Amino acid sequence: QVQLVESGGGLVQPGGSLRLSCAASGSISIYNMGWYRQPPGKQREMVATATSEGNTNYAESVKGRFTISRDNAENTVLLQMNGLKPEDTAIYYCKAVRLRSGLVISYWGQGTQVTVSS
């Protein structure tokens, strides 16, 4: 089992930057990692993912502004967020996913609040 702890959220003005960090309790090298967010009153949505091979994918709404990176040696996943907009306001969650014996095994962190407001 992997426990995930997010940090780095907070209040930032439009156009500002934040860096979110996800610390795992164990090795993440075999996991596909991702950042998801849930805006107020809306469904949770994918923001960015990074596979165990290092391939990345981004939601269209954050392309060119957000960057996901992973450090398998430190068991951490980062989300660098630049050019923040009010619509980026959400609780941001870290997720780890892997296949084991044909089953999808996933773990979520508890989330960190990001608020973009002037």
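This passage describes a four-stranded sheet, a disulfide and the surroundings of one asparagine. The structure is a predicted model, in which local features require pLDDT of at least 70 and side-chain atom pairs count only at pLDDT 80 or more, whereas totals for chains, interfaces and linings use all residues. Residues are numbered from 1 along each chain as its sequence is written, and side-chain values rest on heavy atoms, with hydrogens and water left out.

An open sheet is formed by 4 strands in the order β1-β3-β8-β7, with antiparallel pairing. The edges are occupied by β1 (4–7) and β7 (66–71); each has a single partner strand, so one side of each remains without a neighbour in the sheet. From one strand to the next, the twist averages 15 degrees; axes are lines fitted to C-alpha atoms, for helices over the stretch in contact, and angles run from 0 to 180 degrees between N-to-C directions. Strands are DSSP runs (E, at least two residues), numbered from the N terminus, and two of them are taken to pair if DSSP finds at least two bridges between them. In general, strands of a sheet pair through backbone hydrogen bonds, either parallel or antiparallel. Strand β3 (residues 18–24) is paired with strand β8 (residues 76–81) in the antiparallel sense over 6 bridges. Within this part of the sheet, A23 has T76 of β8 as its bridge partner.

Strand β3 also contributes to a covalent link. A search of the whole structure finds 1 disulfide, defined as a pair of cysteine sulfur atoms within 2.5 Å. This disulfide is formed by C22 and C94, whose sulfur atoms are 2.1 Å apart. Because C22 lies in strand β3 and C94 in strand β9, the pair ties together parts that are 72 residues apart in sequence. The link is left-handed, with -80 degrees about the S-S bond. Both C22 and C94 are buried (under 20% relative accessible area, with exposed over 50% and partly exposed in between; 1.4 Å probe, protein chains only).

N82 is placed in the loop between β8 and β9 (90–100). With a relative accessible area of 33%, N82 is partly exposed. Beyond its neighbours within four places in sequence, N82 is in contact (heavy atoms within 4.5 Å) with G16, S17, R65 and F66. The side chain of N82 forms a polar contact of 2.9 Å with that of S17, and another, also of 2.9 Å, with the side chain of Q80. A polar contact is a pair of N or O atoms within 3.5 Å; within protein, one must be able to donate a hydrogen and the other to accept it, and residues adjacent in sequence count only if both atoms are side-chain atoms.
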